[in-house]
Amino acid sequence: MTLPPPKALLFDWDNTLVDSWVVIHHAMTATFEALGQRPWTLEETKRNVRKSARDSFPELFGERAEEATEVFYRTYEADHLEKLQALPGAAEMLRSLAAAEDLLLGVVSNKRGRLLRLEAAELGWDRYFGPLVGATDAVKDKPSREVVDFALAGSGIAPGPDVWFVGDTDIDILCARNSGCTAVLVRPEPPAEGEFGDLPLAHHVSDCKAFAQLTLSALEIGRVEQQISDLS
């Protein structure tokens, strides 16, 4: 599939740019134990953590969702900056993409917005991004279209195929579909047969380096096509 040259890249955060599964799993374990439930294994955490706490905790904890949210974030905030790890090649990828002309970089995450921005600043990556949008920043969280509209507000860029939504899970692909954007999957494992059902996935790459190459190639093709169009 030929990808449209992007005007904007909206990245997921956890497990797309940073590895924070250990911290998330620890906070989920503390939350389940505090509420008297069986904790998930690490694999269950990786498989089940998709939605924001605002959307998922009422399903998991019912009337005790507010209490669960307090325990989760208190535990998470205790050491998330100390254990924050960039994924291999992520810093180099962001640096090269930020140097491209007329390309907006942003983040749309289901991590609470304040914590997302703290982590971006800790890594020194906040200088690369325009919007850094997390859970509860917009009226609705990912995968709703509203969060993409919120991220692009004031940029002069409308949601559409020339906005790439970049992530590692089904909720990212669903958010791309809901907002009319182009979905790009970045993770070592290719999508399994039927994994995303009828959700439209435009492309898969294995890591950040490959994504940078894909993006810069699409931008160059777009520039050449524009030059040809201007001459015709």
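**Exercise 1. Which elements do the buried residues of α6 pack against?**

Solution. Keep in mind as you work that this is a predicted model.

Step 1. Pick out the residues of α6 that are buried: Gly113, Leu115, Leu116, Glu119 and Ala120.

Step 2. Look down the axis of α6. The buried residues fall within an arc of 165°, so they line one face of the helix. A general rule helps here: an α-helix has 3.6 residues a turn, so residues three or four places apart point the same way.

Step 3. Now see what these buried residues pack against: α4 (65–79), β4 and β5.

Step 4. Go on past the end of α6. Gly124 follows the helix, and its phi is positive, near 75°.

**Exercise 2. Find the residues that touch the most other members of the largest nonpolar core, and say which elements supply it.**

Solution.

Step 1. This core has 33 residues, and Phe11, Phe129 and Phe211 touch the most other members.

Step 2. Trace the suppliers. At least two residues each come from β1 (8–11), α5 (90–98), β4 (104–112), α6 (113–123), β6 (163–167), β7 (182–186) and α9 (208–231). The most come from α9, which gives six.

Step 3. Zoom in on Phe11. Beyond its neighbours within four places in sequence, its contacts include Met93, Leu94, Leu97, Val107, Val108 and Val166, as well as Phe129 and Phe211.

Step 4. Look for a second core. Another one, of 20 residues, lies apart from the largest, and its members include Val147, Val148, Leu152 and Phe196.

**Exercise 3. Is Lys142 buried or exposed, and which side chains does it join through polar contacts?**

Solution.

Step 1. Locate Lys142 in the loop between β5 (132–135) and α7 (145–152).

Step 2. Check its accessibility. Buried means under 20% relative accessible area, and Lys142 has 2%, so Lys142 is buried.

Step 3. Follow its side chain. One polar contact, of 2.9 Å, leads to the side chain of Asp12; another, of 2.8 Å, leads to that of Asp172.

Step 4. Fill in the surroundings. Leaving out residues up to four places away in sequence, Lys142 also touches Asp55, Ser109, Asn110, Val147, Phe165 and Cys175, among others.

**Exercise 4. Work out how α7 and α8 are oriented to each other.**

Solution.

Step 1. Take the axes of α7 and α8 (residues 170–179): they come within 8 Å and cross at roughly 75°.

Step 2. Angles of 65 to 115 degrees count as roughly perpendicular, and α7 and α8 are therefore roughly perpendicular to each other.

Step 3. Name the residues where they meet: Arg145, Val147 and Val148 from α7, with Cys175, Asn178 and Ser179 from α8.

Technical notes
Residues are numbered from 1 along each chain as its sequence is written. This is a predicted model: local features need pLDDT of at least 70, side-chain atom pairs count only at pLDDT 80 or more; totals for chains, interfaces and linings use all residues. Side-chain values use heavy atoms; hydrogens and water are left out. A nonpolar core is a set of buried Ala, Val, Leu, Ile, Met, Phe, Trp, Tyr and Cys residues joined through side-chain atoms within 4.5 Å. Buried means under 20% relative accessible area, exposed over 50%, partly exposed in between (1.4 Å probe, protein chains only). Helices (H or I, at least four residues) and strands (E, at least two) are DSSP runs, numbered from the N terminus. Contact means heavy atoms within 4.5 Å. A polar contact is a pair of N or O atoms within 3.5 Å; within protein, one must be able to donate a hydrogen and the other to accept it, and residues adjacent in sequence count only if both atoms are side-chain atoms. The arc is that of the directions from the helix axis to the C-beta atoms. Axes are lines fitted to C-alpha atoms, for helices over the stretch in contact, and angles run from 0 to 180 degrees between N-to-C directions. Angles under 35 degrees count as roughly parallel, over 145 as roughly antiparallel, 65 to 115 as roughly perpendicular and the rest as oblique.
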